[in-house]
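Q: I'd like to learn how to read salt bridges and an interface in a model like this one. Could we go through it together?

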Amino acid sequence: MENNTGKPWVELGLTDYEYEMIKEILAREPNYVELGMFSVMWSEHCSYKNSRPVLKTFPTEGAQVLEGPGENAGVVDIGDGLAVAFKVESHNHPSAIEPYQGAATGVGGIIRDVFTMGARPIALLNSLRFGTLSSARSRYLFNGVVSGIAGYGNCIGIPTVGGEVYFHPSYEGNPIVNAMCVGILEHKDLAKGVASGVGNPVMVVGAKTGRDGIRGASFASEELNEASEEKRPAVQVGDPFMEKLLMEACLELIKTGYVVGMQDMGAAGLTSSSCEMASKGGTGIEMDVALIPRREKGMNPYEIMLSESQERMLVVPMKGKEDEVQSIFRKWGLDAVVVGTVTDDGILRIKEGEKVVAEIPAKGLTEMCPVFEREAKMPEKLAEIQKCNLMELPEPANYQKTFLDLLSRPTIASKEWVYEQYDYMVGINTVVRPGADAAVVRVKGTKKGIALTIDCNSRYVYLNPYVGGKIAVSEAARNLVCTGAKPLGVTDCINFGNPEKPEIFWQFKEAARGIGEACRALNTPVTGGNVSFYNETKGEAVFPTPTVGMVGLIEDIEKVCTLNFKNQDDIIYLLGENSDELGGSEFLVMYHGLEAGMPPDLDLEKEIALQECTLKLIKEGLINSAHDCSEGGLSVALAECCLAGGMGAQIRLEESTLRPSSLLFGETQSRIIISVSRESADKVKAMAQSHSLAISKLGVVQGKSLVINGNSFTINLTLNEIEARYKGAIPCLMKG
Amino acid sequence: MKFAVIVFPGSNCDADCYHVVKEVIGQDADYVWHQDETFKTQYDCIVLPGGFSYGDYLRTGSIAKFSPIMNEVIKFANQGGLVLGICNGFQILTEAGLLPGALVRNKGLKFVCKDTFLKVENNETPFTLDYTQDQVIQVPVAHGEGAYVCDENTLEKLKANKQIVFRYSTSAGETFPECNFNGSSDNIAGIINKKGNVLGMMPHPERCAETILGNDLGKHVFTSIVSWLKGGGRNGE
């Protein structure tokens with residue numbers, strides 16, 4: 001191999017220090033195949049070497065948690081012998097280079113993580129972030145990513161039921177593409193990625209191995225630059241049809257009870273799946289690369305071990321059941337080949353025929369990876385940005401115009417253009433569709449429903465990572481609660497810049513502190529997730545983006561609650577309090593051009609009271625709708641309640657002493673808009689009081705217009721006028 | 001009554017159709033694997049479900065027609081058996097020559113998933129008996145290649161023989177061009193063969209067969225089949 005430094009490890013992204021460690025582990029110099037294997041396994045993407053000490057601070061246990069971090073996906077109990085497996089993963093760098101395939105294979109990878117656990121995937125979500133749509137490149141990436149997600153999810157037949165899309169200049173060169181998958185399984189079918197039982201066969205199943213995606217995991221752990229385009233070959237190509245066959249075959253196989261362990265070949269392909277399975281099982285694996293079905297001739301062991309060809313799995317079945325495994329895969333037209341065996345020496349031994357080409361202690365690639373305690377330092381300018389005085393800003397001249405402008409901000413506007421491209425109904429479980437606080441899917445054969453969401457406002461995290469982290473978790477939980485679901489657990493996707501920079505690491509640590517604290521308070525343990533660092537272009541990091549995926553349980557699907565106003569003359573109340581907080585708001589950046597101040601405060605005690613009260617109100621059937629106030633504030637949330645049900649509202653805010661911009665557009669947390677029949681009003685007020693929760697009347701559901709009257713302003717618009725701006729914004733920009 | 005739901009590699013609405021037949025309208029159903037060369041039992045109705053058979057990589061439905069089971073399906077249809085093709089199933093039926101015309105890329109070139117309104121143009125078929133003539137039903141679509149096209153001559157025949165069963169419309173039943181989101185000829189959403197026993201439709205009635213999913217009017221495509229079969233089939237072919 002060529003290299004300019006005379007140090008092949010440096011070319012592969014390893015440091016001198018790490019190279020010395022490898023020599024110690026092997027007690028000799030590694031050969032090139034071994035070096036390649038170390039380089040991918042010790043990449044941040046596979047090893048979490050920069051994040052592990054911080055991730056350890058997350059709460060991961062709870063009565064509902066059946067499987068926490070460390071497996072392919074987290075698993076939480078939903079009763080009746082059933083469980084939910086779920087996980088989120090990033091595919092940011094591949095999507096920056098090749099948006100369609102990058103996003104598609106992100107979806108494919110996360111689906112494999114879920115069915116590997118023995119769960120049938122029933123829903124997909126995604127969290128996407130791009131630069132502003134005025135840029136042609138952002139439009140290209142946005143279009144390509146959405147098409148890629150649609151192309152994969154629609155074909156495989158798993159509904160894409162929810163998600164979020166933000167637009168901000170910091171994502172211009174480095175979009176964020178996080179995909180989340182959720183599956184249902186019976187407890188007895190829970191499968192793990194463990195190689196145990198010495199003498200058991202090791203089988204490669206699914207697609208053939210090609211030269212695509214070699215060292216993709218390492219590519220994911222570097223900053224993007226001008227040369228990144230040349231790494232297009234590091235992006236894999238997805239085949240959803242192949243994955244559909246693989247999924248059906250694997251689920252059929254798990255039902256036989258013959259599976260000892262199973263692991264997806266995702267990042268770092270055969271290398272990661274084999275060493276992780278052996279490492280978790282406390283065993284070794286010996287396999288012959290010459291036996292691995294290949295797509296092309298002349299592949300050497302290095303390429304085979306490091307290929308990230310998609311739609312492949314490593315399976316350890318019980319000895320003697322090889323034929324049964326093969327007959328299932330044959331039925332689906334897939335390869336299932338015995339390539340090795342489980343051994344008792346703890347060594348991952350790779351052979352090519354009789355020749356040993358790599359011999360590494362399995363744990364050397366996994367647990368023994370170096371862990372770095374990075375330096376953390378608050379960014380110098382942040383204190384100044386936080387202190388920005390927002391109290392003396394001029395008020396908008398025309399609130400109605402500002403309101404309409406806010407509704408057409410791509411971050412706030414309807415995402416119908418996106419989700420109409422996704423099949424969100426296949427599987428006939430989707431009870432609450434995209435565009436709501438959270439999606440809800442029913443669990444057939446039971447009365448239960450699962451509520452799903454993925455959330456993060458990265459501007460809040462940028463302004464104050466600790467508070468922003470708390471808000472991301474709290475808002476996700478609040479979204480679930482608005483449907484009547486009790487939040488169960490979290491999967492998080494940390495998308496940050498280069499952790500070797502103290503300012504970035506500080507953001508990460510602080511955000512993690514906020515996430516951990518909120519997860520503890522709301523009893524939503526972190527069951528897994530993914531860390532994506534190095535989201536930088538030309539040295540500039542994206543906004544710190546710790547997206548929080550959350551699942552919740554609805555005991556009785558008939559009681560599911562939605563955001564839309566439902567009956568004329570219902571009374572509209574606000575649970576929680578308005579307050580003067582413009583910091584971090586979409587309004588502030590749109591109208592004043594400021595990304596400054598402190599993000600809205602979050603009091604976890606108040607949040608808990610709000611969520612508990614709302615859940616009870618829904619359970620007792622006292623409210624007809626519930627909707628969280630988020631980006632765009634109270635006015636935008638009211639508009640969403642109106643549009644979703646095609647019903648107008650008369651809102652009276654004359655009693656408020658807040659300045660109108662804060663009242664209408666401020667993004668104060670812990671607020672939920674509900675609508676209530678006149679008969680239930682007293683009971684609802686009593687329930688709020690018993691939770692020491694503020695409740696105030698906003699107005700009534702009425703007509704086909706939204707009218708908001710305040711001390712010094714009036715907004716009076718027909719729903720048609722509002723809808724034109726809200727739904728028209730993104731299609732209009734995408735035509736440009 | 002006994003339904004067969006054909007499973008091609010890549011079918012993904014097979015379980016949905018099976019669920020509606022079994023759990024919603026309470027009839028018997030079997031999955032039938034595409035490699036089977038014969039039906040192992042007597043069926044009253046064959047369902048070709050939606051999905052991406054063989055990945056739809058060459059052209060939608062074009063590979064599925066070569067599956068061994070399709071010979072049986074064609075034989076069954078030619079003998080007057082009821083065949084319902086939904087979405088990819090419709091595409092397969094046109095590829096297999098059981099229905100005229102073809103399904104091509106949506107006019108917007110994008111996959112579209114949403115609710116549509118359909119006007120029942122002919123309620124005298126085995127699949128629409130339980131609807132009233134001109135009834136408007138709300139049924140979801142989810143397809144990238146669902147624009148129905150055929151030559152002028154075929155279109156005239158479809159009209160003359162009342163073979164157009166569903167058309168995209170407004171909620172009031174007006175078949176305006178604006179409702180024709182995918183660019184189908186004459187707002188066509190579903191057609192039946194001349195003999196009246198093979199129906200293909202792009203919208204998914206199985207997705208709106210239970211109130212919890214929004215509305216349950218789609219189930220009448222399935223209940224109609226049962227009503228028809230109980231009535232002993234159509235006379236005077």
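A: Happily! Keep in mind that this is a predicted model. A good place to begin is A:Asp113, whose side chain meets that of A:Lys87 in a salt bridge, with N and O 3.6 Å apart.

Q: Which parts of chain A does the pair A:Asp113 and A:Lys87 tie together?

A: A:Asp113 sits in helix α7 (residues 99–115) and A:Lys87 in strand β3 (residues 82–90) of chain A, so the bridge ties together parts that are 26 residues apart in sequence.

Q: Are A:Asp113 and A:Lys87 buried or exposed?

A: Both A:Asp113 and A:Lys87 are buried.

Q: How should I think about such pairs in general?

A: Side chains of opposite charge can pair when their charged atoms come close. In this structure there are 59 salt bridges over all chains.

Q: How does A:Asp189 compare with its partner A:Lys188 in burial?

A: Their closest N and O atoms are 3.5 Å apart. A:Lys188 has 62% relative accessibility, so it counts as exposed. A:Asp189 counts as buried because its relative accessibility is 8%, under the 20% cut-off.

Q: What about a case in chain B?

A: Try B:Arg59 and B:Glu95, which form a salt bridge with their closest N and O atoms 2.8 Å apart. B:Arg59 lies in the loop between β3 (45–48) and α2 (68–78) of chain B, while B:Glu95 belongs to helix α3 (residues 88–95), so the pair ties together parts 36 residues apart in sequence. B:Arg59 is partly exposed at 45% relative accessibility, and B:Glu95 is buried at 19%.

Q: Which residues are linked in a network of salt bridges?

A: That network links A:Glu286, A:Asp345, A:Arg349, A:Lys351 and A:Glu359.

Q: Now the interface. How is its size usually expressed?

A: The size of an interface is often given as the accessible area lost when the parts come together. Here chain A and chain B bury about 2,400 Å² between them, with carbon and sulfur atoms giving 62% of that area. A:Phe241, A:Glu420 and A:Ile428 supply 26% of the area that chain A buries against chain B, more than any other three residues. In terms of contacts, 31 residues of chain A meet 27 residues of chain B.

Q: How many salt bridges are there between chain A and chain B?

A: Three. A:Arg442 pairs with B:Glu210 in a salt bridge, the closest N and O atoms being 2.8 Å apart. There are also eleven residue pairs in polar contact between chain A and chain B.

Q: Which element gives the largest share of the side of chain A that touches chain B?

A: That is α8(A), with five residues. The residues on this side of chain A divide into 14 nonpolar, eight polar and nine charged.

Methods. Residues numbered from 1 in each chain as written. Chains lettered and ligands numbered in written order. Predicted model: local features only at pLDDT ≥ 70, side-chain atom pairs only at ≥ 80, totals over all residues. Heavy atoms only, no water. Contact = heavy atoms within 4.5 Å. Buried area = accessible area lost by both parts, 1.4 Å probe. Salt bridge = Lys/Arg side-chain N within 4 Å of Asp/Glu carboxyl O. Polar contact = N/O pair within 3.5 Å; in protein donor to acceptor, adjacent residues only side chain to side chain. Helix = DSSP H or I, 4+ residues; strand = E, 2+ residues; numbered from the N terminus. Nonpolar A, V, L, I, M, F, W, Y, C, P; charged D, E, K, R; others polar. Buried < 20%, exposed > 50% of the residue type's maximum accessible area, 1.4 Å probe, protein only.
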